[in-house]
Structures are given as C-alpha cells and as structure tokens.
Amino acid sequence: MPTNPALDLGTLRSDVEKSGSPWKIAYTSITALTEDERVVRLGVPLPPNPEELEKAGKALASSTQGISAIGVPASFDLRNVNGSNYSTPIEDQGGCGSCVAFGVVATIEGVTRYTRGTPNLPVDLSEAHLFYCYGKAAGATCGTGWMPAPALDAAKSSGIAFADYFPYTAGDQACNVNPDWPNHRARVTDWQNTTSNVALMKQDISTYGSVSACFYVYQDFFSYGGGIYRHVSGGLAGGHCVCLIGYDDSQGYWIAKNSWGTGWGEGGYFRIAYGECAIETWQTCGVLGTALRTWWPNQQVVGLWSNEADDNVWAYGATRGWLKLDGVAVATAQGVLEELASAKAGGRPVGVFEDGGVLQQAYVW
C-alpha cells in the first residue's frame, strides 16, 4: 500500500487534545524517522477486509465479554506479579518488517519465565533464527513480513535457538544459525488461536503470562508517548505484531510489549484501549507451554527433594528452579543427587543440562 504523507506533530497534538483521548504524543525514536522508515518497522500483511475486523473489535469491546471475563483476575501485568517482573528486556527490530518474530519470541520468553516461576531466568531467544530461517523458508522477507500462526507452528515443531547462537541484525540475510542449536533451544509445546475470544485471551495471559497479537497501526501511533492509546488521526500505515503481557478491566486496556526499542512509548511498552485497531479480532495466539533443552552454568543448588519413589528426585537451582533428575537409571540419579547435595552443602555452583524439565547431566566442582 502507498505510504501516507507524514503527519504534522503540532496538528496531531491539537487533535489528541480535542479528542479527549487519555494518551500523549511525544517526539520518539520512531518519529525521528521518515514515514517510509517507520512503515518498514511494521510487518504483518493487512487482511483483505481491514475495516470489518476493526468494526468487529469495537463491537466486541462494547459487549460484556470485551470488558470482563469470569474466572480471571480483573487486571494482570507480567512486569509485576507479586512484586516480580517476568518480562524480558525490550528489543529493537530495526529497519526490517520482522515484528512477528519479535512478538512471538517475546511471548515464548514470557511464558517460559512465568510458568516456571523464574523471573530471572536468562532466556533470550533468537528472533533471527525464527525470521531468517523459518520465515525465509516460508517466503517471508523484511519487506513482506509474516504471520504469527506459521511462526508458532515452527516454534512447536522444531524450536528456536537461544540468541547467542544467531544474534539478530536487521536486514534480509542467510540462515546462519550455529549448527549445535538443537542443544540450545526452546520449543513451544502447544499453542492456540484466541482471536475474538477476549475471555480466552485474558485466561491465557493470566495463566501463562502473555499472548501474541496483531493490530492495525495508524500514523498517530508512531508518536505515542504514554497513556491509553486510541486512534485519533492519520491514515492506516500497516499491520504490526506485539506481545500482550497484561490488561486492566477497570480502565479498559491491554498492556503490550513492542519491539521499537526503549525510546518509544512507555519505555518500549504501550497501553491500548479494548476494541482499538482490531487488537482482539485480527490474530491473537496463546502459548500453552514451552520445553527447554540447554546448559545452565553456574547454578547454585538451593533445594533438593525426593520421596520413597526411586525415580522421583528433584533439584532446585537458584536461577533455573526445579528440575527432575533423569530416573532411567536409579543408581545414576542417586549418584548425581549425592554430588548435588555435596555442592549445596559447600556452596559450590554447578552446571546442569536440561531437556524438557529433566536434569540429564551435571558438572559439579
């Protein structure tokens, strides 16, 4: 679609003030770009009927389902769950329409931390692997963008490498992931489409930590500087994918994690009103669990647990949390348990290899 003429910030400021919308405009890292450069930072192909999905979203928001959901908390914020922050740091996709990779990876990372109760778990996954390998194989480029559903299918069937095995840089490139990545990756165990089901979206966010969502970006959104966003002025610029990490029924908004760096929005995050820009009715996806396969170095053993069952032995690492010892060979598990107990007593760190929640190997010094 053709790029719209850039908005005048003075006019936009006046429009926002006149509308009474509870958000403020700001000169951000995105408004510093040209309109063409801003549009490149989107990356979800628009559907053939954008106005219909947006109309459905507004209707949904005006219904009871769009305001509250039975059986879930009235508010949730992954950045503050009983004082703990389970969200991973804000990223910057740069000049590439790879937002789907960032929205999906942020969702997987949030689910990984929250479902394990490990806010400090160093889970930093490779957006480059997801976009430049799986996306590229499916025909996605920085110019075309992608969609969350096939990205999640790839994350479920094969998994995504940790970021140090394929660091992200913006720009179409070869799939240059470390060949050892299957031993250093996260895999989605299952996911579900939650589109237009607000109750299920909130259930997945409050149960698993986050969901991915697509929405329409209008030109005024580039100048968002805080508050609860509602579209005021400017043309449709394109589609975008983000990670929803919370919501608030009392004020009627979603909390979203963007991928435009910390110099935009509320430190990289934004709040968007229920029913705005097809945020619920285009494509939202919930991740229902993750499995990890990787080494965790320098783990401090702070807890051990077992009972009368020979194969029911668990160890708790200060950063990783609980892992079950591989119980295939009881004698081996017993030997590892004794080594871990010795390390715990001596305050010595250990290195452990996890595969799907099972501790398979350990280095004890």
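The legends below describe close-up views of a predicted model. Local features need pLDDT of at least 70, side-chain atom pairs count only at pLDDT 80 or more, and totals for chains, interfaces and linings use all residues. Residues are numbered from 1 along each chain as its sequence is written, and side-chain values use heavy atoms, with hydrogens and water left out.

**View 1. Packing of helix α5 against helix α8.** Helix α5 covers residues 99–116 and helix α8 covers residues 198–208; helices (H or I, at least four residues) and strands (E, at least two) are DSSP runs, numbered from the N terminus. The two helices pack at an angle of about 60°, and their axes are 8 Å apart. Axes are lines fitted to C-alpha atoms, for helices over the stretch in contact, and angles run from 0 to 180 degrees between N-to-C directions. α5 and α8 are therefore oblique to each other (under 35 degrees is roughly parallel, over 145 roughly antiparallel, 65 to 115 roughly perpendicular, the rest oblique). On the α5 side, Gly110, Val111, Tyr114 and Thr115 meet Ser206, Thr207 and Tyr208 of α8, where contact means heavy atoms within 4.5 Å. By class, this contact of α5 with α8 has three nonpolar, four polar and no charged residues (Ala, Val, Leu, Ile, Met, Phe, Trp, Tyr, Cys and Pro count as nonpolar, Asp, Glu, Lys and Arg as charged, and the others, Gly among them, as polar).

**View 2. Surroundings of Cys99 in helix α5**. Cys99 is buried at 0% relative accessibility (buried is under 20% relative accessible area, exposed over 50%, partly exposed in between, with a 1.4 Å probe and protein chains only). Not counting residues up to four places away in sequence, Cys99 touches Arg41, Leu42, Gly43, Val44, Gln93, His240, Cys241 and Ser259.

**View 3. Pro119 in the loop between α5 and α6 (127–137)**. The relative accessible area of Pro119 is 18%, so this residue counts as buried. Its contacts, not counting residues up to four places away in sequence, are Ser84, Asn85, Tyr86 and Arg113. The C-alpha atoms of Pro119 and Ser158 are separated by 25 Å, with these positions 39 residues apart along the chain numbering.

**View 4. Aromatic pairs and charges over rings.** Rings of Phe, Tyr and Trp (its six-membered ring) pair if their centres lie within 6.5 Å; planes under 30 degrees apart count as stacked, over 60 as edge-to-face and the rest as tilted. The count by this rule is 30 aromatic pairs. In one pair, Tyr247 and Trp254 have ring centres 6.2 Å apart and planes at 70°, so the pair is edge-to-face. Tyr247 is buried at 1% relative accessibility, and Trp254 is buried at 0%. Ring pairs also join Trp23, Phe215, Phe221, Phe222, Tyr224, Tyr229, Trp260, Trp264 and Phe270 into a cluster. The charged end of Arg79 sits over the ring of Tyr269, 4.5 Å from its centre (NZ of Lys or CZ of Arg within 6 Å of the ring centre and within 35 degrees of the ring normal). Arg271 lies over the face of Tyr253, 5.4 Å from the ring centre.

**View 5. Two loop serines, Ser223 and Ser250.** Ser223 is in the loop between β6 (211–218) and β7 (224–229) and is buried, with a relative accessible area of 4%. Among the residues that Ser223 touches are Leu9, Leu12, Trp23 and Lys24. Ser250, in the loop between β8 (236–248) and β9 (253–257), is exposed at 67%. Ser250 and Ser75 are 175 residues apart along the chain, and their C-alpha atoms are separated by 7.9 Å.
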